[in-house]
Amino acid sequence: MSADRNVTDLSNGLENVPVPISGGSDGRTLPEFEYCPDNVQGPGCTFDPSEVSLPGCSCHSLSCVAESCSCLRTHGQVYDSTGTLLSLRNTDSGYCSPVFECNALCTCSDACSNRVVQKGLRLRLEVYSTENTGWGVRTLEPISNGTFVCEYAGEVISFEEARHRQLAQSIKENNYIIAVREHAGRGTVTETFVDPAKVGNVGRFLNHSCQPNLFMQPVRVHSVVPRLALFAARNIDAQEELTFDYSGGYSNQPPAELLSSNSAGAVGAKKSDGILRKKCYCGADNCVQFLPLDLSIIN
């Protein structure tokens, strides 16, 4: 899909709410891509993200409670009764606890408070043409701290495919690959690579900020493949641009090791190990001047 005019719904009805586009009068056009609200299996990925592969609970209540729900007893309660994300930070390790929602095999109701990310986009968001950072996303309504905003969805690919795609890109091309590394103890690391360049959702238009108002949290629903969910890190006003730190941090304290090679901003001129990094135009007081770059993908 590409556009150089206002579009009433970027998602073509695939989301619960329309995703309008504002801008394009400056000659800026949207990149060609296929809109998809969920992750899809890409080259090298050995798991189908749409396959139900996690066990379910046998609760028959309106909403699960930790005392009787196998999902919550095993993985812990992460949402309150309104579906707002509870504090997940482990102050000793610096990483977030894993998040598992009730899934398609669970017998609890669709209204269960442990079903949040799987319900998809619920907020009114708009893709718009920013002044300095290309296309961006802003909210058309206030968002409370801890609220699920949207996913960063795309093709789930292998490390080898991520490396191939990044090395094949020119400096003028935007690189949207997010590399997520989750530490499971005893040196076990799970890697997930998501690229929404060709297939993706509204999350692909989110810009980086060194002082973001969103943070990324891997959430597992039906599959062992995590969904890269973005939650409000503070109360957000209507018309604010939505941003997250491509390196995975928030307020200089990383909630998880989310190393990104995402470079959706304008071109800069700093080389790191021979790679030209792109300049950051987020305007934050703590701006580090250049967008994060995960060199482990290309080394």
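Strands β12 (residues 214-220) and β13 run antiparallel and are joined by 6 bridges. The link between β12 and β13 is a hairpin of 6 residues. This is a predicted model, and β13 is a handy thread to follow through it: the strand turns up in a sheet, in a salt bridge and in the largest nonpolar core.

**The chain as a whole**

- The protein chain has 2 helices and 17 strands.
- Of its 299 residues, 53% count as buried.
- Among contacts with a separation of 6 or more, 67% are between residues 24 or more positions apart.
- The exposed surface of the protein chain comes to about 13,600 Å², and carbon and sulfur atoms supply 48% of that area.

**The sheet around β13**

- Four strands make up an open sheet, in the order β4-β12-β13-β7, with mixed pairing.
- At the edges sit β4 (99-100) and β7, each of which pairs on one side only.
- On the β12 side, F215 stands opposite F231 of β13.
- On the β7 side, β7 and β13 pair in the antiparallel sense, over 3 bridges.
- Two bridge partners can be named here: F148 is matched with F231 in β13, and E151 is matched with A229 in β13.
- F231 therefore has a named partner on either side, with F215 opposite it in β12 and F148 as its bridge partner.

**How β13 is covered**

- In a regular strand, side chains alternate between the two faces of the sheet.
- In β13, R227, A229 and F231 point one way, while L228, L230 and A232 point the other way.
- Both sets are buried, in keeping with the tally for β13 of 6 buried residues out of 6.

**Salt bridges**

- The whole structure holds 9 salt bridges.
- R138 pairs with E126, with the closest N and O atoms 2.7 Å apart. R138 is in strand β6 (residues 135-139) and E126 is in strand β5 (residues 125-129), so this pair ties together parts that are 12 residues apart in sequence.
- Are R138 and E126 buried or exposed? R138 has a relative accessible area of 18% and E126 has one of 12%; buried means under 20%, so both residues count as buried.
- R227 and E151 form another salt bridge, where the closest N and O atoms are 3.4 Å apart. This pair links distant parts of the chain, 76 residues apart, with R227 in strand β13 (residues 227-232) and E151 in strand β7 (residues 148-151).
- R227 and E151 are both buried.
- R165 and D195 also meet through their side chains, at 2.9 Å from N to O. Because R165 lies in helix α2 (residues 159-168) and D195 in strand β10 (residues 189-200), the pair ties together parts that are 30 residues apart in sequence.
- R165 and D195 are buried too, and they belong to a network of salt bridges that also takes in E155 and E161.

**Cysteines**

- How many disulfides does the model contain? The count is 0.
- Two cysteines can be placed by their cover: C36 is buried at 16% relative accessibility, and C45 is buried at 14%.

**Nonpolar cores**

- In soluble globular proteins, nonpolar side chains tend to be buried together.
- Here the largest nonpolar core has 36 residues. L10, L125, V127, V149, Y152, L242 and F244 have the most contacts inside it.
- Two or more residues of this core come from each of β5, β6, β7, β9 (178-183), β12 and β13.
- Which element gives the largest share of this core? That is β13, with 3 residues.
- F244 gives a good view of the surroundings: leaving aside neighbours within four places in sequence, F244 is in contact with Y152, I178, L206, N207, H208, S209, P212, L214, M216 and L230.
- Another core, of 13 residues, lies apart from the largest one. Its members include V116, V219, V221 and F231.
- F231 of β13 thus brings two topics together, as a member of this other core and as the residue that F215 stands opposite.

Note on methods:
Residues are numbered from 1 along each chain as its sequence is written. This is a predicted model: local features need pLDDT of at least 70, side-chain atom pairs count only at pLDDT 80 or more; totals for chains, interfaces and linings use all residues. Side-chain values use heavy atoms; hydrogens and water are left out. Buried means under 20% relative accessible area, exposed over 50%, partly exposed in between (1.4 Å probe, protein chains only). Contact means heavy atoms within 4.5 Å. Accessible areas come from the Shrake-Rupley method with a 1.4 Å probe; for residues, only the protein chains shown count as cover. A salt bridge is a side-chain nitrogen of Lys or Arg within 4 Å of a carboxyl oxygen of Asp or Glu. A disulfide is a pair of cysteine sulfur atoms within 2.5 Å. A nonpolar core is a set of buried Ala, Val, Leu, Ile, Met, Phe, Trp, Tyr and Cys residues joined through side-chain atoms within 4.5 Å.
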